[in-house]
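Biologist: Could you take me through the ligand site in this predicted model, slowly, and then follow the chain outward from there? I'd like to know what sits where and what touches what.

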Amino acid sequence: MNSKIYLSAPHMSGYEQEFINEAFKTNWVAPIGPNVNGFEIDLENYLKSNSYATALSSGTAAIHLALVMLNVGKDDEVICQTKTFVASVNPVIYVGAKPIFVDSESKTWNMCPDLLEKAIQDRIKQGKKPKAIIAINLYGMPYNVKKIHTIAKDYNIPIVEDSAEALGSSYNNQPCGTFGDYSVFSFNGNKIITTSGGGALISRTQKDKEKAVFLATQAKESGQDYSHKTMGYNYRMSNIIAGIGRGQMKVLHKRIESRRKIYNYYYQQLKHIESISFLEEPGGYFSNRWLSCILLETETMRNDIIDLLSKNNIESRPSWKPMHLQELYNGYPSYLNGISDDIYKKGLCLPSGSGLSETDLERITSIIKNYFG
Ligand SMILES: *Cc1c(COP(=O)(O)O)cnc(C)c1O
């Protein structure tokens, strides 16, 4: 049997171990310490403009904290792109609010600006202006920043930018993670860089960052006697884990280059097949190509290819199942156009880990080419 090819395996650089050893040597084995600070500075330097990073235990925790920071609470409504991983939406329920789902545009697979405006107008007509919008850079492709932010500004609704999959992507040369009132990254095991598990909340001011750190450390008031006025969370990143992040940040540019190369390989090898189409970058959009996604002509073809790859010990997966189709979330108001349903049925995520070899890629594409004869 050929060795297993994973969808998106962790890819260590070798630098991680040094930061971890240093943490042990200095006994910073806690959710505080030089690696946590260092990792945050690395992220801030990477993002450049007005970005203040708080390292957290997960991307999900970061989205939760963003909603708390925006005072989203009981019975508020939050608009969210329906085509996403469930972690984008669960925090809406954590704060007691109600998700309102909006469908995608075919150009980016992300939130359709026209439907967003329609949804906002309809919610207002029904009696409630949405309290926040969760916009997502899915698979590393930026959402339509200009249009989405213009609409959000017109109605004065803050944006949480879920950039969990998009560290290293940019829109008109500005990095993803700098657009939202709050932005979020994930460093889970399968993301473009990983800390095994972890996340970050990006705030726009130092003051907001301080508040995020406060809330993420049980909202303990200053002083010796453990006084609390606010409910907080235990969401800080461990100093050991942050060491992995510092090592990974050193090679982020290489990881982006590799993932984009993998996408281009698939594109060159498969673009001639009529039944396959790609999620191409519109002008001004730069994707980190976290996962290379293709659309098949039919659902049957997509399922056949998943099975064939699986028989050859290769992991691939359908593109995210939209939230309005989930048992957990059906019944919530949804503004749909059929696009996310279609991408869900025909979309396929191919192995995209930055550690894949040319031989791995040949193995994958030859199976797909053979299927189409
Ligand atoms: C991975 C991911 C998250 C959650 O991040 P975790 O670190 O796994 O909690 C949120 N949104 C999207 C779109 C993701 O892909």
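**The ligand site and its surroundings**

Modeller: Let's start with the pocket. The largest pocket is the space that the ligand takes up. Keep in mind that this is a predicted model, with no experiment behind the distances I quote. Around the ligand there are 14 residues, and the closest are Gly-59, Thr-60, Glu-165, Ser-186 and Lys-191.

Now for the polar atoms. The side chain of Thr-60 has an N or O atom 2.5 Å from an oxygen atom of the ligand. Asp-162 places a polar side-chain atom 2.8 Å from a ligand nitrogen atom. With Lys-191, a polar side-chain atom is 3.4 Å from an oxygen atom of the ligand. As for cover, the ligand on its own has 380 Å² of accessible area, and the protein covers 95% of that.

One of those closest residues, Glu-165, leads us a step outward. Its backbone oxygen lies 3.1 Å from a polar atom in the side chain of Asn-288. The side chain of Asn-288 also has a polar atom 2.9 Å from the backbone oxygen of Leu-167. You'll find Asn-288 in the loop between β11 (285–286) and β12 (292–296). Asn-288 counts as buried because its relative accessibility is 0%.

Staying with this stretch of chain, look at Leu-291. Its C-alpha is 7.2 Å from that of Pro-351, though the two are 60 residues apart along the chain. Pro-351 belongs to the loop between β15 (347–350) and α12 (358–371), and with a relative accessible area of 0% it is buried.

Next comes Ile-294, whose partner to look at is Tyr-266: C-alpha to C-alpha they are 9.2 Å apart in space, with their positions 28 residues apart in sequence. Tyr-266 is part of helix α9 and is buried, its relative accessible area being 0%. Helix α9 itself covers residues 252–270, 19 residues in total, and its first and last C-alpha atoms are 27 Å apart, close to the 27 Å expected. Tyr-266 has buried company in α9, including Leu-252, Arg-255, Ile-256, Arg-259, Ile-262 and Tyr-263. When you read that list, remember the helix geometry: with 3.6 residues a turn, residues three or four places apart in an α-helix point the same way.

Back to the other end of the sequence. Thr-60 falls within α3 (59–69), and the loop between α3 and β2 (77–81) holds Asp-76. Asp-76 counts as buried because its relative accessibility is 18%, and the cut-off for buried is under 20%. The side chain of Asp-76 makes a polar contact of 3.5 Å with the side chain of Lys-131. Asp-75 is in that loop between α3 and β2 too, but is partly exposed, with a relative accessible area of 46%. Check the backbone of Asp-75 as well: phi is near 70°, a positive value in a residue other than glycine.

Asn-313 is another residue to check for its backbone. Phi is near 65° there, again positive in a residue other than glycine. Asn-313 sits in the loop between α10 (299–311) and β13 (317–318).

How values were computed: Residues are numbered from 1 along each chain as its sequence is written. This is a predicted model: local features need pLDDT of at least 70, side-chain atom pairs count only at pLDDT 80 or more; totals for chains, interfaces and linings use all residues. Side-chain values use heavy atoms; hydrogens and water are left out. Helices (H or I, at least four residues) and strands (E, at least two) are DSSP runs, numbered from the N terminus. The expected span of a helix is 1.5 Å times one less than its number of residues. Buried means under 20% relative accessible area, exposed over 50%, partly exposed in between (1.4 Å probe, protein chains only). A residue is near a molecule or strand if one of its heavy atoms lies within 4 Å of it. A polar contact is a pair of N or O atoms within 3.5 Å; within protein, one must be able to donate a hydrogen and the other to accept it, and residues adjacent in sequence count only if both atoms are side-chain atoms. Accessible areas come from the Shrake-Rupley method with a 1.4 Å probe; for residues, only the protein chains shown count as cover. On a 1 Å grid over the protein atoms alone, a cavity is a set of points where a 1.4 Å probe fits but cannot get out, and a pocket is an open set with protein on both sides within 12 Å along at least five of seven lines; lining residues have an atom within 4 Å of a point. A molecule sits in a cavity or pocket if more than half of its atoms lie within 2 Å of its grid points.
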